[in-house]
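Please open the model in your viewer and keep the sequence panel beside it, since each stop on this tour begins with a selection to make. The text then says what is to be found at that place.

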Amino acid sequence: MSKDLPKKTRVAIVGGGIVGCSLAYHLTKLGWRDVVVLERKKLTSGTTWHAAGLVREVLGSVTLTRLAQYSLQLFQTLEAETGQATGLKQNGSIGIATNEGRWEEHRRSAGLAKYLCVEVHLLGPTEILELYPLLNVQDVIGGIYFPKDGQTNPADTTMALAKGARMGGAQIFEDTKVTGVLTAKGRATGVRTEQGDIEAEVVVNCAGMWGREVGRMAGVNVPLHACEHFYVVTEPMTEMRPNLPVLRDMDGSAYFKEDAGKLLIGAFEPNAKPWGMEGIPEDFCFDELPEDMDHFMPILEGAIHRIPALESAGIRTFFNGPESFTPDDRYLLGEAPELRNFYVGAGFNSVGIQSSGGAGKALAEWIVEGAPTLDLSEVDIRRMEPFQGNGKYLEVRAAEALGVLYAMHWPYRQFESGRSIRVSPLHERLKAHGACFGEVAGWERPNWFAPEGVEPKYEYSYERQNWFPYAAAEHKAVREAVGLFDQSSFAKFMVQGRDAESVLQRICANDVAVESGRIVYTQWLNARGGIEADLTVTRLAEDQYFVVTGAAVGPRNLNWLNRNTPEDARVTVTDVTGGYAVMGIMGPNSRALLSELTDADLANERFPFGTCQEIEIGHALARALRVTYVGELGWEIYVPSEFAAGVFDAVQAKGAAHGLKLAGMHVLDSCRIEKAYRHWGHDISDEDTPIEAGLGFACRLDKNVPFIGRDAVLRQKERGVAKRLVQFALDDPAPMLYHNEPIYRDGVIVGYLSSGNYGHVLGRAIGLGYVRNADGVDADFVKTGRYEIEVAGTRFAATASLRPMYDPKSERVRA
């Protein structure tokens, strides 16, 4: 380790676990040699040292899998590069299924793996037994086998990364506790340690379970909390063999790995035990937590059922150690929205070893380039809401998050802890009408409505879930009569000041230099032309705009707006999300219904699509926006929150005569996917451009103010694209689509579905996904192919279209 603490460095990394060392290693590979790693005690002494060291290629999503794949590739060469052994052993992994739901989950995972070029095999019980002779397979339906998965030694792998970082010029200091983060003018400028201050251009929080504490030193929200993680190691077993694959019995909440002739059995149990509520002990270093055999016993009993030889095996080690978890089981990566030049790489939810290489590389590229080099939205720290740093919330949510890792990953599965935190003014009324709520960004939102006499509770399945017929009725009402959606969770920003237009003209790809009362649908692009945001901007006055975006991306979009507003601009940005309730009144009868509640003239000539007016409704004043996300005639009614309940009651009182039906978020999604409306985070991201996504119509390339990303869009428009977003409809009405299903064109995988739902009017499952071809994708390429979508291992014929299959000319929207 290095001896003399420098006074100045380019990058100061707080934390010497595997992620901090990986980041240092990758920064040096990019030519940044002036890097310092500061570890409070000893390298790996927090969580890394006691990790199980499991390494796998597929982690449930395209992004997480890409990062894990890179980690494995790195680990394969790291020992040869550095001379430090890593203990990598690619003995494969098997995930077994003991129920039909898990078996379908594995079959769907295999489809995604094939798209990502990961070797994968679906096995029957006999084939599993050949690979794992110790197994009791009497209740096993099947399994998924990844031959290149395996295990590594976490401490040795960290030391190899540390050595590689030092070879590249980085310095590593142990026993150097960071006690503060230095800031100036909204930027991190260094760190304070017990040995003195260090000036730094960039500070990175890789402090693991101390990450929340280090974040608070900088005024940055890092929502994570430690939980107790248990495993046992047996005495040597004669039945063990070195090449035994890693085994995951997720239905039994357990994993198994061979460990030098012994067997390690670990748990991701439901109702885990949070730890560190009173803080982490100052002297914590390679510490173990107290045993709790009563807590672990159900896992051990299940393990004995799965591997009967364990019944006669002795237990050599009972281990309990802390690991940190985040509110959504995704780690935290990227530049903090609260503070420039302060980055985070923490909260790895027990996938830190297998993600460390990819996460370190991605974060290093982000720091060097000043922006992510691939779509990292699902792990981007900007997705977190301020309230999610609340300690009590984290305590209960982390306890659930640990178990969710091995729980069934059902479509539409909802977290059960940390609920009822953010509610709309309509919540109690909707609850009284049978709403079954889901949660996004802390908001309780009605996902579907149960009819009288039916409990509003999910019964999860990969097939049509219990709410399917109720959603079908809601969907039909929106298409044939009128539906009411509570869209109060929309994030809403007021942009005001004499420079509001010029600031937004540079950020928005569309032209927002419009007359007051006009709504502009636009994207915000990055320099590469990637879509950072997809939203509406309404001009309220010469110096005032109203920005509306999705609930899940509020903090991210607000950060993008603030970061791209010049410091000397005469403009203010105010988050007014909680100030307005939003009722979406959507459907062909929406005009007739609203006309009974307002004196405003709602005729098409007086209130055309894409415009906004202030109206009287009930006994309140509201802002009515004629815009839609379901593809029907309709208005979004923005009401000050304190008036919302009264307006809702007035709408309900007049609604029956017009066929009004309350509708939930599942129907908002099923309607939008029939109309092929894009969803940011699924169908579009900062890796996708408007040209690729079919949104070129929303880019005003000729406007006076060149917007961010304009040059990239022009270049792509000239040279063509290698992927296009396409709408698909299965020919068979029975299967369900969700996302990640592979797309086949003429028998060859060319993409995967980014989103899917059931189109109740079209009468079959609908999906959106990019069709890819290295030689280019144009309309002829899309039209001339024969398409199939793979669902849980079975291919179904599909129809592809570049135009919306429902109301392609938007005649209903503009009626």
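What follows is a walk through a predicted model, with one selection after another.

**The nonpolar cores**

Begin by selecting Ile13, Leu23, Leu27, Val204, Tyr331 and Ile367, which are the residues with the most contacts inside the largest nonpolar core, a set of 47 residues. Colouring by secondary structure shows where this core comes from: at least two of its residues are supplied by each of β1 (8-14), α1 (18-29), β2 (35-38), α2 (62-82), α5 (154-167), β11 (196-205) and α8 (352-369). If you centre the view on Tyr331 and leave aside its neighbours within four places in sequence, its contacts include Leu64, Leu67, Phe348, Val351, Ala359 and Val379, and also Asn349, Ser355 and Arg383. A separate core of 32 residues lies apart from the largest one, and Val178, Ala226, Ala336 and Val344 are among its members.

**Two hairpins around β14**

Next select residues 254-259, strand β14, five of whose six residues are buried, so that the strand is largely enclosed by the rest of the structure. Extend the selection to strand β13 (residues 246-249), which runs antiparallel to β14 and is joined to it by three bridges; across this pairing, Arg248 stands opposite Tyr255. The hairpin that β13 and β14 form has four residues between the strands, and Ser253 in the turn has a positive phi of about 60 degrees.

On the C-terminal side of β14, add strand β15 (residues 262-267), which pairs with β14 in the antiparallel sense over six bridges. Here Asp259 stands opposite Lys262, and the hairpin has two residues between its strands, with Ala260 in the turn taking a positive phi of about 50 degrees.

**The six-stranded sheet**

Now display the open sheet whose six strands follow the order β30-β31-β32-β29-β23-β33, with mixed pairing. Its edge strands, each of which pairs on one side only, are β30 (612-617) and β33 (660-662). Direction ignored, neighbouring strands of this sheet are turned by 30 degrees against each other on average. Within the sheet, select strand β23 (residues 482-486) together with strand β29 (residues 580-586), and you will find an antiparallel pairing over four bridges, in which Leu484 of the one strand stands opposite Ile585 in β29.

From Asp486 in the viewer, move to Ser424, since the side chains of these two residues make a polar contact of 2.7 Å. Ser424 is found in the loop between β20 (422-423) and α10 (427-432), and with a relative accessibility of 6% it counts as buried. Apart from residues up to four places away in sequence, Ser424 touches Trp443, Asp486 and Ser488.

**Helix α16 and its surroundings**

Select residues 665-674 for helix α16, where ten of the ten residues are buried, so the helix is largely enclosed by the rest of the structure. The buried set includes charged or polar names such as His666, Asp669, Arg672 and Glu674 as well as Val667, Leu668 and Ile673. To see what covers these residues, show β22 (443-449), α11 (468-480), β23, β34 (723-730), β36 (748-759) and β37 (764-772), which are included in the cover. Just after the helix, Ala676 takes a positive phi of about 65 degrees.

**The cysteines**

Which cysteine sulfur is closest to that of Cys612? It belongs to Cys508 and is 16 Å away, which is too far for a bond. Cys612 is buried, with a relative accessible area of 12%. Cys671, which you have already seen in α16, is likewise in no disulfide, the nearest cysteine sulfur being that of Cys436 at 18 Å; at 0% relative accessibility, Cys671 counts as buried. With a cut-off of 2.5 Å between sulfur atoms, the count for the model comes to zero disulfides.

**A last stop at Gln544**

Finally select Gln544, which lies in strand β27 (residues 544-549). Is this residue buried or partly exposed? At 22% relative accessibility, Gln544 counts as partly exposed. Its side chain is joined to that of Gln496 by a polar contact of 3.2 Å, and, not counting residues up to four places away in sequence, Gln544 touches Met494, Val495, Gln496, Thr538 and Arg539. For a view across the model, draw a distance from the C-alpha atom of Gln544 to that of Thr63, 481 residues apart along the chain, and you will read a separation of 38 Å.

How values were computed: Residues numbered from 1 in each chain as written. Predicted model: local features only at pLDDT ≥ 70, side-chain atom pairs only at ≥ 80, totals over all residues. Heavy atoms only, no water. Buried < 20%, exposed > 50% of the residue type's maximum accessible area, 1.4 Å probe, protein only. Contact = heavy atoms within 4.5 Å. Polar contact = N/O pair within 3.5 Å; in protein donor to acceptor, adjacent residues only side chain to side chain. Core = buried A, V, L, I, M, F, W, Y, C linked by side-chain atoms within 4.5 Å. Pairing = 2+ DSSP bridges. Axes fitted to C-alpha atoms, helices over the stretch in contact; angles between N-to-C directions.
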